[in-house]
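Please open the model in your viewer and keep the sequence panel beside it, since the tour proceeds by selections. Each stop names what to pick and then describes what is found there.

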Amino acid sequence: MAILNVSLRGTAASTSSSSLPSWPHLSNSVPFSLSKKPVIAKFPNTTILSPPKLRLQASFGKKTRASLSATMATGGQEVLPPALTSTSDPPTLFDGKTRLYISYQCPYAQRAWIARNCKGLEENIQLVPIDLQDRPAWYKEKVYPPNKVPSLEHNNKVKGESLDLIRYIDSHFEGPSLFPDDPAKREFAEELLSYTDSFNKSVFTSFKEDRTEAAGAAFDYIETALSKFEDGPFFLGTFSLVDIAYAPFLERFQPFSLEVKKYDITAGRPKLAAWFEKMNKNLAYKKTRRDPKELVESYKRRFLAQK
């Protein structure tokens, strides 16, 4: 029997019951009311679901203690494996399983990771994170000779390059389509995907040389692109591979520009501001996001250390 100590973090007095999400009834659940005192509930062999922001701490006997954090994400929060290093053994390669080799810190790898999540392939494509600062030799020797991430092991072959991989994942696996059928949107999608490297280079250059005007022109291009279709807040109106291609970089550019350069990339760009707002509600993308403070510190080391 599991003993569950339940405690609420924060204040719920001002929250109306109508704003709370509904949760499925469990046949083995026990209703109880919350008070200022801790509530102890006993559940025999029961899986417990909870609304977000309710943190549960369960002790199973005296030997095991586990802390659980609730999530609204479909299928629950994915448990991310630790990054493999030079001392890590490789997985059993080319055994029929599909593996996506990534780095948690790499924006290019994040593209493929987002595409995987958006297609609902968490159980079909295994994440294999690599520590790029201490990468295992077997990755280059046995998996992907270019020794970069991302790469995808599928059907006993390994493919790379992030823009190619997000297209491949979209076209070779089940799940919602991430590329439009409309010819005009497809044409514009190709233009935007071809521009990603130029966009990133312009912003990187502005960071290195303190040239805000160079970054401004690049972000103005993004604002104009987001204004082309009116059927949604994304680049093609509806969410697509284009948003996946730009998201990891915009995720990094925004906090660094604001904190270090004192430059708000959304100021005077309402379409870009709306895009950020909508993207940050995308659960598949949110699972891949890094702590903004971590991203800012990474860019400080990259760009400020060169001066």
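Begin by selecting helix α1, residues 107-118, together with β5 (98-102) and β6: in this predicted model, the helix lies across both strands and runs at about 145° to β5.

Keep β5 and β6 on display and add β7 and β8, which gives an open sheet of four strands in the order β6-β5-β7-β8, with mixed pairing. The edges of the sheet are formed by β6, residues 125-129, and β8, residues 157-160, each of which pairs on one side only. If you look along the sheet, neighbouring strands are turned by 20° against each other on average, with direction ignored.

Next, restrict the view to β7, residues 151-154, and its partner β8, where the two strands run antiparallel and are joined by four bridges. Within this pair, pick glutamate 153 and look across to β8, where valine 158 stands opposite.

Return now to helix α1 and select asparagine 117, which has its place in that helix. Is asparagine 117 buried or exposed? Its relative accessibility is 4%, and because the limit for a buried residue is under 20%, asparagine 117 counts as buried. Display its side chain and you will find a polar contact of 2.9 Å to the side chain of arginine 116, while the side chain of asparagine 117 also reaches the backbone oxygen of alanine 284 at 3.1 Å. Expanding the selection to residues in contact, and leaving aside the neighbours within four places in sequence, brings up Glu78, Glu122, Ala284, Lys287 and Thr288 around asparagine 117.

Move on to helix α5, residues 212-226, and select alanine 215 within it. Alanine 215 has a relative accessible area of 3%, and is therefore classed as buried, given the cut-off of under 20%. With alanine 215 still selected, add isoleucine 265: the two are 50 residues apart in sequence, yet their C-alpha atoms are 8.7 Å apart in space.

Finally, clear the selections and show the whole protein chain, whose secondary structure comes to nine helices and eight strands. Colouring by accessibility will mark 43% of the 307 residues as buried, and the chain as a whole exposes about 17,500 Å², of which carbon and sulfur atoms supply 51%. A contact map makes a suitable last view: among contacts with a separation of 6 or more, 70% are between residues 24 or more positions apart.

How values were computed
Residues numbered from 1 in each chain as written. Predicted model: local features only at pLDDT ≥ 70, side-chain atom pairs only at ≥ 80, totals over all residues. Heavy atoms only, no water. Pairing = 2+ DSSP bridges. Axes fitted to C-alpha atoms, helices over the stretch in contact; angles between N-to-C directions. Contact = heavy atoms within 4.5 Å. Buried < 20%, exposed > 50% of the residue type's maximum accessible area, 1.4 Å probe, protein only. Polar contact = N/O pair within 3.5 Å; in protein donor to acceptor, adjacent residues only side chain to side chain. Areas by Shrake-Rupley, 256 points an atom, 1.4 Å probe, with all protein chains shown as cover.
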